[in-house]
Amino acid sequence: MEQQATPRPLVRRSKLVVSPLSQGSWTAAATSGADALVVDVASSVPPGAEGKALALAREVLPLLARSGSDLLLWVAPSRAEATLELCRFPSLAGVVVAAETPEEIRGLDAALTAWERTAGLPPGKLQIDLVLASARAALGMDTLVAASRRVVSLNLDEDGLLAELGVERSLEVDQIFYPRGRSIIVARLFNIQAHALAFVRGTADALETATVARKMGLRGALCFDAADVPALNQGFSPPVAEVEHARQVKAAMEEGIRQGLGAVSLPGGVMIDLAMLKHAQAVLRWAEAIEARESAKAGRG
Amino acid sequence: MAMGDMRVRSALVVAGDAFQQVKEGLNWSPDALCLDLDWLVHPSRRAQARDLAWAAISATSHSRSLAMARIGLQEAEEDLKAVVWPGLAAVVVPDLEGPEAVRDLDQRIAALERERQLPAGTVKLIPFLSTGRGLWSARDIATASPRVTAIALGMGDLLYEMTGTHEAAPYITGPVPRFPVPEYNWSRLGFIAAAAGVHLLGLLGATVAPGHARGHNLERAVNLARQAGFRGAFTLHQEGVAACNRGFAVPVETLKAAGETAEMAHQGLPVHGGKLRLARALLAQAEAARSVGQEGGRT
């Protein structure tokens with residue numbers, strides 16, 4: 001069926017942010033099992049420590065490259081070109097950036113294009129994981145994504161967004177209801193992924209919030225503690241029973257289609273139709289992509 | 001007193017034709033006293049309310065409270081003439097549905113400022129979003145004029161929406177439909193206000209008769225509203241003023257944690273940018289509150 005023609009989805013359920021300045025956290029990051037490791041040479045770097053962070057980034061990147069995780073570099077939009085020049089590493093999958101304007105994204109795109117050219121990389125290989133960390137970015141996220149075809153995911157920086165509201169994180173009120181919901185819709189619009197955790201009243205448990213997030217259509221999240229990685233990987237993966245059900249739906253519907261039917265019944269009498277086949281195919285594609293990602297990590301780690 | 005960077009935690013709404021309410025209300029120490037010429041005044045007494053406005057604004061401006069006036073959009077010209085006097089900090093306008101109306105009000109206020117020799121831009125604007133169209137256009141409204149210093153969500157009542165209890169006087173029969181997804185509105189307006197650099201205000205205890213409000217319910221609503229991004233609320237009650245003044249402050253424990261985060265950064269340790277910005281925003285809020293004599297934190 002059409003499944004073969006659809007490209008395998010990106011699997012970045014857990015994106016662990018690693019500060020090159022925190023050398024004690026390097027080993028834990030490398031063995032965390034994160035789908036992506038984000039070396040942060042921008043967001044968490046104190047003023048004046050940029051040079052040191054870049055120097056240490058060049059040390060930590062080869063170490064992290066052995067993990068089999070996607071390697072990303074968190075860059076500041078205003079210094080992207082210089083950072084890439086100083087920190088180029090052949091295994092990088094792309095960059096993470098907190099941008100506010102389409103111009104910033106276009107500038108970053110140009111810097112990545114230049115880098116691909118000099119490094120002999122295929123055009124368009126380097127990706128952008130876009131972080132929404134301000135109200136302006138949250139409200140204009142569609143224009144940001146439209147600014148470059150390299151953008152593969154929209155990520156909510158909850159603390160950054162809460163800073164804009166001027167209020168600490170709540171377990172009672174869903175403060176980022178709007179940008180989260182909007183990011184899911186915008187992601188669909190541009191055929192990319194939305195990455196964030198869900199709001200679950202009364203808890204900040206990583207597994208629970210990731211599990212609910214997956215059901216909302218989110219596909220991963222940034223994290224800052226290696227201990228959260230297993231929960232994110234699990235929460236953003238479909239449970240075995242859901243995958244099995246999807247296989248049954250797919251098999252039953254394919255048989256139904258062969259017989260010229262648009263709707264059939266599963267054993268037990270549950271009626272399924274073409275819309276459910278589409279959903280089942282999506283679940284199976286996601287499960288297969290995760291399996292491939294896990295194999296890649298096991299092979300490299 | 002001019003608004004400047006003043007945070008308005010509580011804005012006590014009083015009927016414009018009842019000067020006694022102004023005098024009484026000022027004793028409750030609201031951050032602002034909002035003289036209402038519109039909803040709380042019978043049409044037959046509107047002219048009287050306009051005549052009293054100057055005295056009420058003058059009295060308020062000589063207190064520790066800011067003077068605000070809520071006018072009617074349909075009668076904006078006459079209402080503005082009655083309230084734009086020295087001492088008026090802001091005009092609160094319900095039913096605004098687009099940026100054109102904001103710009104029109106801006107020009108009318110500017111003309112009155114010139115005519116009455118008030119410094120240009122002194123009188124601020126607070127759109128009170130009370131229709132679906134107004135909510136939809138909130139971002140355009142918030143950015144339509146530099147006079148806009150806050151936007152207020154005038155639909156529903158924080159007391160009942162926030163606490164999830166049944167409303168004492170449900171208003172579902174009027175021309176304004178209740179939105180079934182308040183969290184969407186709170187969150188959206190919070191980010192719109194933040195992007196525009198203005199405050200988000202709510203409406204507290206509007207459907208509770210004076211004397212019947214339960215303090216702890218009001219406080220719970222304020223606590224939740226603050227977490228949702230509201231910085232203050234309009235209220236009609238003494239208990240509402242007290243709840244807002246206490247509740248729209250950064251909790252002491254939160255400030256302590258924010259201080260620790262800021263200190264880590266100060267020591268040159270890596271702290272995620274968003275977390276550091278949040279800590280600094282909370283500390284700045286508390287500092288701003290202290291600088292104007294407001295409570296700096298609550299337990």
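**Where chain B meets chain A**

Guide: In this predicted model, the buried residues of α12(B) pack against α7 (158–165) of chain A together with α11 (252–266) of chain B.

Visitor: Which residues of α12(B) are called buried, and what makes them so?

Guide: The buried residues of this helix are B:G273, B:G274, B:L276, B:L278, B:A279, B:L282, B:Q285, B:A286 and B:A289, and they are given that name because the relative accessible area of a buried residue is under 20%.

Visitor: How do you know that the span of α12(B) is close to the expected one?

Guide: The helix has 19 residues and reaches 26 Å from its first C-alpha to its last, which is close to the 27 Å expected at 1.5 Å a residue. After the helix comes B:G293, and its phi is positive, near 80°.

Visitor: What makes the meeting of A:R201 and B:E183 a salt bridge?

Guide: The side chains of A:R201 and B:E183 come together at 3.6 Å, N to O, and the rule asks for a side-chain nitrogen of Lys or Arg within 4 Å of a carboxyl oxygen of Asp or Glu, so the pair qualifies. Across the interface of chain B and chain A, the rule finds four salt bridges.

Visitor: Which helices of chain B supply residues to the side that touches chain A?

Guide: At least two residues each come from α8 (182–196), α9 (215–228) and α12 (273–291) of chain B, and α8(B) gives the most, with 10 residues. By kind, the residues on this side of chain B divide into 15 nonpolar, 10 polar and eight charged.

Visitor: How many residues of each chain are in contact, and why are they counted?

Guide: There are 33 residues of chain B in contact with 35 residues of chain A, and they are counted because contact means heavy atoms within 4.5 Å.

Visitor: How much area do chain B and chain A bury between them?

Guide: The two chains bury about 2800 Å² between them, with 61% of it on carbon and sulfur atoms. In chain B, the residues that lose the most area to chain A are B:F191, B:Q227 and B:H272, which together account for 26% of what that side buries.

Visitor: What can be said of helix α8 of chain A, and which residue follows α8(A)?

Guide: Helix α8 (residues 177–190) of chain A has 14 residues and reaches 20 Å from its first C-alpha to its last, close to the 20 Å expected at 1.5 Å a residue. Its buried residues include A:Y178, A:I184 and A:V186, and the helix is followed by A:N191, whose phi is positive, near 60°.

How values were computed
Residues numbered from 1 in each chain as written. Chains lettered and ligands numbered in written order. Predicted model: local features only at pLDDT ≥ 70, side-chain atom pairs only at ≥ 80, totals over all residues. Heavy atoms only, no water. Buried area = accessible area lost by both parts, 1.4 Å probe. Helix = DSSP H or I, 4+ residues; strand = E, 2+ residues; numbered from the N terminus. Nonpolar A, V, L, I, M, F, W, Y, C, P; charged D, E, K, R; others polar. Expected span 1.5 Å × (residues − 1). Buried < 20%, exposed > 50% of the residue type's maximum accessible area, 1.4 Å probe, protein only.
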